[in-house]
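Reader: I'm new to this one and would like a close look at a single part of it. Could you pick up from my question below and walk me through what surrounds it?

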Amino acid sequence: MDSQLLRLPYHSAGRIPDLETPFSPFYSGVYISTSSSQASLASPTSSARFQHHYTLISGKGDDRPWLTLVIASRLPRPKYLPTFIGSDEVSGSVELELTKPKNIREVKVTLKGETTQHAQEPHVFLEMSQILAQPAGKLLGKHSHPFRFVLPNEVTVDESNWAMVYPLPPRFHEKGILYIDYKIIVTVRRGKFSMDNSLTTNIVYLPETIAERPSLLREQSYMEEAPLAPPTLDSRGWKLLPPVETVGTLVPDTTVTAQLAIASPLSFALGTPIPLFLELHISGAGFFGSRMIDVRLDRTLITRGFAGAARKLDVGRAVFWEAPGSSPQNIKLWGEIIIGRHLIPTFDFSKCSVRYSIVLYPSCSPEQTEYEPLVSEEVILTLRNAPGIVPRSQALSSIPRLENQRSMPPRFPSADFALVLS
């Protein structure tokens, strides 16, 4: 079945409908910092771990837990799900506290990863189990059984008689479309005439992806908190997209040649800015305002299978301000998109993938909801910056109304300016 494209209107990043990620308010409000000055998760090299407890009570008037699952996680907030990154060790213990003798034949812990698409059965792509105990008779008192799993960086998936190897995907929820889940399951097998017991919790997994280092000039600008070098001065630090000529779609009744440049390499960490540079060559008279420019960060969720589809969602919008050397017939604009921390990094898995693009759209009337982009370029979103790189927003220091902002919002209006084109 051919893929179908579903386009959703723009929504402010951080309030995306039907989208649950480890960073969104629909999940748990987990905050992952990409800067070196903030750390809500333990760093990759840190040995710090924090305990999460899940219990099963006896019932029948006895509220004391007799089965406890303890998991050590990076996340220092026990009320949220345990979180793991890259090839983290998933460790913990299973605790039994029996006030009466119980016939227990086996205690087993399982780490499972599975994908579920709409109206389909779950597909298990990762399953690791450990038998923690096989008692010979009845148990009484306290018993502790430690466990340890090492998450693989890759998994092998059978696809149409082919064995395909993929990086382990992140936990991801798109309501009614796709679910990628990881869970830890404790199973206690009882005697022949007793029901088995199980205790389950979901966990969060995120691949350890790192953005490429910026150009030397852009890195120097970040270190010195200086303005970025434009494409004419830093050819290695920018990707120039093909120029596009429009008549009446960017500036009413006017021919405009637009060329968008994106900072290169085209990989950026969550919570950081994507620098842009836009040049407009205008032929004829008219009126140009900064709000006529519509550049967005689009996320595309691709599902493959019987009901394959591509679902697009706008998750960020650029702000622009006038650059030095601009004139009415040759307008030069600096721009920036802040990547929301709630987004899931780029990934490609067996029958699903999440990708991002920077897209220049034509100006449209309020009643217009669907239109083709003028030009677009795929970018890669990662979990972290390259070591030692701390990107700095240019917009906060360039747009007066934003100077007193303590942090960059995911979306804010462009600096207001207008030109009468003669």
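Which residues are linked with Arg296 in a network of salt bridges?

Author: Keep in mind that this is a predicted model. The network you ask about links Arg296 with Asp294, Asp314 and Arg317. Side chains of opposite charge can pair when their charged atoms come close. Arginine 296 has another partner to look at: it lies over the face of tyrosine 361, at 5.0 Å from the ring centre. Tyrosine 361 falls within the range of strand β25, which covers residues 352–361.

Let's stay with that strand. Serine 353 sits in β25 too. Is it buried or exposed? With a relative accessible area of 0%, serine 353 is buried, because the cut-off for that is under 20%. Leaving aside residues up to four places away in sequence, serine 353 touches Thr300, Leu301, Ile302, Arg304, Phe347 and Asp348. Take Arg304 from that list: it is 49 residues from serine 353 along the chain, yet their C-alpha atoms are separated by 8.8 Å.

Asp348, also on that list, has a salt bridge of its own. Its side chain meets that of arginine 355, at 3.7 Å from N to O. Aspartate 348 counts as partly exposed, at 38% relative accessibility, and arginine 355 is partly exposed as well, at 31%.

Next along from there is phenylalanine 349, in strand β24 (residues 347–349). Its ring pairs with that of phenylalanine 125: the centres are 5.0 Å apart and the planes stand at 65 degrees, so the pair is edge-to-face. Phenylalanine 125 belongs to strand β7 (residues 123–133), so this pair ties together parts that are 224 residues apart in sequence. Both of these phenylalanines are buried. They also belong to one aromatic cluster, together with Tyr166, Tyr182 and Tyr205.

A second ring pair is worth finding on your screen. Phenylalanine 277 and tryptophan 334 are edge-to-face, 5.0 Å from centre to centre with 80 degrees between the planes. Phenylalanine 277 is in strand β18 (residues 273–283) and tryptophan 334 in strand β23 (residues 330–338), so the pair ties together parts 57 residues apart in sequence. Phenylalanine 277 and tryptophan 334 are buried. Aromatic pairs in this model number 8.

Now for the nonpolar side of things. In soluble globular proteins, nonpolar side chains tend to be buried together. Here the largest nonpolar core has 95 residues, and Leu276, Val295 and Ile358 touch the most other members. Strand β6 (residues 89–117) gives this core its largest share, 8 residues.

Back to charges: the count of salt bridges is 14. One of them joins arginine 74 and aspartate 88, with the closest N and O atoms 2.5 Å apart. Arginine 74 is in the loop between β4 and β5, while aspartate 88 is in the loop between β5 and β6. Arginine 74 and aspartate 88 are buried. Another salt bridge brings lysine 239 and glutamate 377 together at 3.0 Å, N to O. Those two sit in strands β14 and β26, 138 residues apart.

Zooming out, the chain has 2 helices and 27 strands. Of its 422 residues, 51% count as buried. Among contacts between residues at least 6 apart in sequence, 66% join residues at least 24 apart.

Technical notes: Residues numbered from 1 in each chain as written. Predicted model: local features only at pLDDT ≥ 70, side-chain atom pairs only at ≥ 80, totals over all residues. Heavy atoms only, no water. Phe/Tyr/Trp six-rings, centres within 6.5 Å; stacked < 30°, edge-to-face > 60°. Helix = DSSP H or I, 4+ residues; strand = E, 2+ residues; numbered from the N terminus. Buried < 20%, exposed > 50% of the residue type's maximum accessible area, 1.4 Å probe, protein only. Lys NZ or Arg CZ within 6 Å of the ring centre and 35° of its normal. Contact = heavy atoms within 4.5 Å. Core = buried A, V, L, I, M, F, W, Y, C linked by side-chain atoms within 4.5 Å. Salt bridge = Lys/Arg side-chain N within 4 Å of Asp/Glu carboxyl O.
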